Amino acid sequence: MVSGKSMMGLATAVLLIFAAQAHAGSATCSRSTKGEKKHTASDGSNCLASSDGSGKAKAKATGGASAQTFVETGGKSNSVASDQAMSEAESESKG
């Protein structure tokens with residue numbers, strides 16, 4: 001059987017982990033009109049969403065990651081990256 005103090009310590013540790021993750025930075029970029037949107041978060045995560053105005057581009061990065069997405073001639077493009085990874089997505093010709 002686990003003692004009450006051990007359970008309380010475990011519960012506190014779990015809450016601290018979730019609190020730290022909640023305060024970690026994230027970068028989200030969305031673009032449905034012509035142009036680019038860039039953002040860099042406090043944790044170094046960065047995103048870029050670029051659209052020619054014919055579709056929607058969305059990128060999200062967390063944990064120091066980098067995400068980029070591009071839309072040309074219609075369609076939707078979505079890119080997600082986490083934990084220092086890189087992600088890139090592209091939509092062309094209503095793809």
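In this predicted model, the side chain of Ser-79 reaches the backbone oxygen of Gln-68 at a distance of 3.3 Å. A second polar contact, at 2.7 Å, connects the side chain of Ser-79 with the side chain of Ser-87. Ser-79 belongs to strand 6. Its relative accessibility is 1%, so Ser-79 counts as buried, the limit being under 20%. Leaving aside residues up to four places away in sequence, Ser-79 touches several others, including Lys-58, Ala-59 and Lys-60, as well as Ala-67, Thr-69, Glu-88 and Ala-89.

**The sheet around strand 6**

Strand 6 covers residues 75-81 and pairs with strand 4 in the parallel sense, over seven bridges. Within this pairing, Lys-56 has Lys-76 of strand 6 as its bridge partner. Strand 4 also pairs with strand 1, which covers residues 26-31; here the sense is antiparallel and there are six bridges. Two positions illustrate this antiparallel pairing: Thr-28 stands opposite Lys-60 of strand 4, and Ser-26 has Thr-62 of strand 4 as its bridge partner.

Together, three strands form an open sheet in the order 1-4-6, with mixed pairing. Strand 1 and strand 6 stand at the edges and have a single partner strand each, so one side of each is left without a neighbour in the sheet. On average, neighbouring strands of this sheet are turned by 5° against each other, direction ignored.

**The two faces of strand 4**

In a regular strand the side chains alternate between the two faces of the sheet. Strand 4, residues 55-62, shows such an alternation. The side chains of Gly-55, Ala-57, Ala-59 and Ala-61 point to one face and are buried. Those of Lys-56, Lys-58, Lys-60 and Thr-62 point to the other face and are not buried. Lys-60, on the face that is not buried, is the residue opposite Thr-28. Thr-62, on that face as well, is the bridge partner of Ser-26.

**The disulfide**

A disulfide is a covalent bond between the sulfur atoms of two cysteines. The structure holds one disulfide. The bond joins Cys-29 to Cys-47, with an S to S distance of 1.9 Å. Cys-29 lies in strand 1 and Cys-47 in strand 3 (residues 46-51); the two are 18 residues apart, and the pair links distant parts of the chain. The torsion about the S-S bond of Cys-29 and Cys-47 is about 70°, so the disulfide is right-handed. Both Cys-29 and Cys-47 are buried.

**The loop after strand 6**

Asp-83 is found in the loop between strand 6 and strand 7, the latter covering residues 86-92. Gln-84 lies in the loop between strand 6 and strand 7 as well. Asp-83 has a positive phi although it is a residue other than glycine, and Gln-84 likewise has a positive phi without being a glycine. The values for these loop residues are set out below.

| Residue | Phi | Relative accessibility |
|---|---|---|
| Asp-83 | near 50° | 65% |
| Gln-84 | about 65° | 68% |

Because exposed means over 50% relative accessible area, Asp-83 at 65% is exposed, and Gln-84 at 68% counts as exposed too. By contrast, Ser-79 of strand 6 is buried, at 1%.

Notes
Residues are numbered from 1 along each chain as its sequence is written. This is a predicted model: local features need pLDDT of at least 70, side-chain atom pairs count only at pLDDT 80 or more; totals for chains, interfaces and linings use all residues. Side-chain values use heavy atoms; hydrogens and water are left out. Buried means under 20% relative accessible area, exposed over 50%, partly exposed in between (1.4 Å probe, protein chains only). Helices (H or I, at least four residues) and strands (E, at least two) are DSSP runs, numbered from the N terminus. Two strands pair if DSSP finds at least two bridges between them. A disulfide is a pair of cysteine sulfur atoms within 2.5 Å. Axes are lines fitted to C-alpha atoms, for helices over the stretch in contact, and angles run from 0 to 180 degrees between N-to-C directions. A polar contact is a pair of N or O atoms within 3.5 Å; within protein, one must be able to donate a hydrogen and the other to accept it, and residues adjacent in sequence count only if both atoms are side-chain atoms. Contact means heavy atoms within 4.5 Å.
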